Amino acid sequence: RKPIIERLSEFENKGIDYIIKDPEKYRNKKILIAGGGDSALDWTIFLSNIASEVNLIHRRSEFRGAIDSVEKVQNLKNNKLIKLYVPAEVKTLYGKRNLEAVDINLNNRKMRIEIDHFIPLFGLTPKLGPIKNWGLEIEKNAIKVNNSLDYQTNIPGIYAIGDVNTY
């Protein structure tokens with residue numbers, strides 16, 4: 001999922017990445033990771049050993065990731081190995097050709113952070129594709145299943161598990 005920020009598409013592949021394919025790309029760079037789930041926490045932990053500066057921003061004070069990862073991120077923050085901004089949101093992007101800085105809103109206070117890369121990790125937007133036309137019962141863009149029994153859909157013999165269905 002892409003955040004709704006003006007000029008976002010202008011900096012895609014010029015400082016904004018939605019997936020990390022090669023962590024070496026961030027060696028000795030200033031990065032800002034946004035998100036509160038496992039991906040954001042895990043990459044914050046991993047990249048703290050590679051990047052020159054790691055900033056993690058999340059719109060809530062609590063995280064949705066694994067407790068162990070949350071504790072590791074807190075330890076990195078306490079040891080001043082990362083900067084943590086909560087509750088906060090990225091509001092504005094700056095740069096000429098490539099991303100150079102962002103403004104964040106932290107406790108109703110505007111703050112500018114100079115960065116080389118912004119990595120928003122807000123999860124995926126599920127798309128059902130051709131499955132949507134199979135006659136399955138759909139609820140909020142997800143397949144409705146009997147999750148108290150066996151995850152069967154409304155069509156006998158078709159089952160669904162994972163992010164594609166309701167729980």
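Let me start with strand β5, which is mostly covered, since 6 of its 8 residues are buried. I should say at once that what we have on the screen is a predicted model, and everything I go through this morning should be heard with that in mind.

Strand β5 covers residues 99-106, and the sheet it belongs to is an open one of 3 strands, in the order β4-β5-β6, with antiparallel pairing. The edge strands here are β4, residues 88-95, and β6, each of which pairs on one side only. If you look at how the sheet is twisted, neighbouring strands are turned by 25° against each other on average, with direction ignored.

Let me take the two pairings of β5 in turn. On one side, 7 bridges join β4 to β5, the two running antiparallel, and these two strands form a hairpin with 3 residues between them. Within that pairing, Gly-95 has Leu-99 in β5 as its bridge partner, and Tyr-94 stands opposite Ala-101 in β5.

On the other side, β5 pairs with β6, residues 109-114, in the antiparallel sense and over 6 bridges. Here Ala-101 comes up again, this time opposite Glu-114 in β6, while Val-102 stands opposite Ile-113 in β6. The hairpin of β5 and β6 has 2 residues between the strands, and for those of you who look at backbone torsions, Asn-107 in this hairpin takes a positive phi near 55°.

Now let me move to the other sheet I want to describe. Which order do its strands take? It is an open sheet of 4 strands, and the order is β3-β2-β1-β7, with parallel pairing. Strands β3, residues 83-85, and β7, residues 117-120, stand at the edges with a single partner strand each, so one side of each is left without a neighbour in the sheet. The twist in this sheet averages 20° from one strand to the next.

As for individual pairings, strand β1, residues 30-34, is joined to β7 by 4 bridges, and the two run parallel. One residue pair to pick out there is Ile-31 with its bridge partner His-117 in β7.

Against this sheet we can place a helix. Helix α1, residues 38-47, lies across β1, β2, residues 53-57, and β7, and runs at about 160° to β1.

The other helix I would like to mention is α2, residues 67-78, where we find Ser-69. Is Ser-69 buried or exposed? The relative accessible area of Ser-69 is 9%, and because the cut-off for buried is under 20%, Ser-69 counts as buried. If we leave aside residues up to four places away in sequence, Ser-69 touches Leu-41, Asp-42 and Ile-45.

For contrast in setting, consider Lys-132, which is found in the loop between β7 and β8, the latter being residues 138-139. At 47% relative accessibility, Lys-132 counts as partly exposed. Lys-132 is also 11 residues away from Ile-143 in sequence, and in space the two are 8.6 Å apart, C-alpha to C-alpha.

Let me finish with the protein as a whole, now that the parts have been laid out. There are 2 helices and 9 strands, and from the N terminus on the elements run β-α-β-α-β-β-β-β-β-β-β. The C-alpha trace spans about 55 × 35 × 35 Å along its principal axes, and of the 167 residues, 39% count as buried.

On contacts, if we take those with a separation of 6 or more, residues 24 or more positions apart account for 47% of them. On the surface, the protein exposes about 10400 Å², and carbon and sulfur atoms supply 49% of that area. Finally, on charge, there are 26 positive and 21 negative charges, whose mean positions are 5 Å apart.

Conventions. Residues are numbered from 1 along each chain as its sequence is written. This is a predicted model: local features need pLDDT of at least 70, side-chain atom pairs count only at pLDDT 80 or more; totals for chains, interfaces and linings use all residues. Side-chain values use heavy atoms; hydrogens and water are left out. Buried means under 20% relative accessible area, exposed over 50%, partly exposed in between (1.4 Å probe, protein chains only). Contact means heavy atoms within 4.5 Å. Accessible areas come from the Shrake-Rupley method with a 1.4 Å probe; for residues, only the protein chains shown count as cover. Lys and Arg count as positive and Asp and Glu as negative; His and the chain ends are not counted. The place of a charge is taken as NZ of Lys, CZ of Arg, CG of Asp or CD of Glu. Two strands pair if DSSP finds at least two bridges between them. Axes are lines fitted to C-alpha atoms, for helices over the stretch in contact, and angles run from 0 to 180 degrees between N-to-C directions.
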